[in-house]
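Here is a friendly walk through one structure, with the metal site, the inner spaces and a few backbone details in view. Please keep the 3D view open as you read.

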Amino acid sequence: MSVAFISHSDCGRHDTGWNHPEHVGRLRAITRALRNNTELFDSVEQVEGRHATASELELAHDARYIASVEQISSAGGGQLDADTVASTGSWAAATAGAGCVLTAVDRAMQQPDARSFCAVRPPGHHALRSRAMGFCLFGNVAVAAHYALSAHGAERVLIVDWDVHHGNGTQALVEENPAIHFVSMHQWPWYPGTGAATDRGPHNTIWNVPMSAGLAAARYVDALESAVDAATTDFVPDIVLISAGFDSLAGDPLGGFTLEPEDIVGLTQRLVARAKVWCAGRVVSALEGGYAPDRLADGAMAHIGALR
Ligand SMILES: [Zn+2]
């Protein structure tokens, strides 16, 4: 068993300003918490990820959109969407964010029982094929799913998204490919307004789990695990990707779910146990949301500990 903490210093170069909820302090809170947890720090391998190339991003995105993000960044930045900005460093950050998840896939596919947590930003699960959305520039996890299929010969990929918001971008970027099954649990009704349970995608390979805010934590855990079971009936994944959004923890300013770090531990442990049966324990997890930095850090430490 080998667990890696994968990040890239360029992820800090996506400058949204301190008044934006998705600010650089989120990652700093995670790295500080890991440094302060000696036992956890010593048990995980620290890995510097790489940058995704434009052709890798084209696995899920339109080439003209990719070029436009690079151009806007090199011209000093600008507004990409109502709540999504780019700065001079955003191209480097976004390609590093996606690249770290590709590094994690390489690692998972090259050795058994290898799991990784990618501490990356900007997040990815709202990004669409040809536009940024909801703080997200590129679909880090969606790109990684296509990459596992095309670069490593994986035949089936499972994505589990427990961010409090629907992973509409991920769904849009993977739903045409029946080799990828996508499970998203999210608050309903809530941003971005998509993710109805009846929306199964064109091949019935999408499991959306819309949930009310303020329920007992066990309700969310049970609902997500039931959906994972449904998504893996007659479908044994070769790798499991997690969109780990910690805005599903109680107290997040952008969500109303009630999960605690110990719920993240249980979810993670049971997904790892399933992954050991399905695919030699190959799990790649990537940070999505989480906007109360201390809670985000607590959730991430709980999650990393449970990946071991
Ligand atoms: Zn979110």
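The text below takes the zinc site, the cavities, one helix residue and some unusual backbone spots in turn.

This is a predicted model, in which local features need pLDDT of at least 70 and side-chain atom pairs count only at pLDDT 80 or more, while totals for chains, interfaces and linings use all residues. Residues are numbered from 1 along each chain as its sequence is written, and side-chain values use heavy atoms, with hydrogens and water left out.

**The zinc site**

Let us begin with the zinc ion. Its protein donors are Asp163 (OD), Asp163 (OD), His165 (ND1) and Asp247 (OD), at 2.0 to 2.7 Å. Donors here are N, O and S atoms within 2.8 Å of the metal (3.2 Å for Na, K and Ca), and water is not among the atoms, so sites may look incomplete. Along the sequence, the donor residues follow the spacing D-x1-H-x81-D. Angles among the four donor atoms run from 53 to 154°, and the site is irregular. That word covers anything that fits none of these rules: four donors are tetrahedral if all angles lie between 85 and 135 degrees, and four are square planar and six octahedral if opposite donors are over 155 degrees apart and all others between 65 and 115. Aspartate 163 and histidine 165 are both buried; buried means under 20% relative accessible area, exposed over 50%, and partly exposed in between (1.4 Å probe, protein chains only).

**Two cavities**

A cavity is a set of points, on a 1 Å grid over the protein atoms alone, where a 1.4 Å probe fits but cannot get out; lining residues have an atom within 4 Å of a point. Grid points are joined across faces, edges and corners, and a volume is the space filled by probe spheres set on the points. The model has two cavities of 30 Å³ or more.

| Cavity | Volume | Lining by class |
|---|---|---|
| Largest | about 50 Å³ | six nonpolar, no polar, three charged |
| Second largest | about 30 Å³ | two nonpolar, five polar, three charged |

In these classes, Ala, Val, Leu, Ile, Met, Phe, Trp, Tyr, Cys and Pro are nonpolar, Asp, Glu, Lys and Arg are charged, and the others, Gly among them, are polar. The lining of the largest cavity includes Trp162, Glu225 and Arg270. Helices H8 (217–231) and H9 each give two or more residues to that lining, and H9 supplies the largest share, four residues. Helices (H or I, at least four residues) and strands (E, at least two) are DSSP runs, numbered from the N terminus. Around the second largest cavity, the lining residues include Asp163, His165 and Asp247, which also appear among the zinc donors.

**Valine 265 in H9**

Helix H9 (residues 261–279) also holds valine 265. Which residues does valine 265 touch, leaving aside those up to four places away in sequence? They are Ala302 and Ala306, where contact means heavy atoms within 4.5 Å. Valine 265 counts as partly exposed because its relative accessible area is 23%.

**Backbone details**

Two cis peptide bonds deserve a look. One joins arginine 121 and proline 122, with omega about 0°, and proline 122 sits in the loop between strand S5 (114–118) and helix H6 (140–152). The other runs from tryptophan 188 to proline 189, with omega near -5°.

Asparagine 204, in the loop between S7 and S8, has a positive phi near 55°.

Terms used
1 Å grid on protein atoms, 1.4 Å probe; cavity = no way out; pocket = protein on both sides within 12 Å on 5 of 7 lines; lining within 4 Å.
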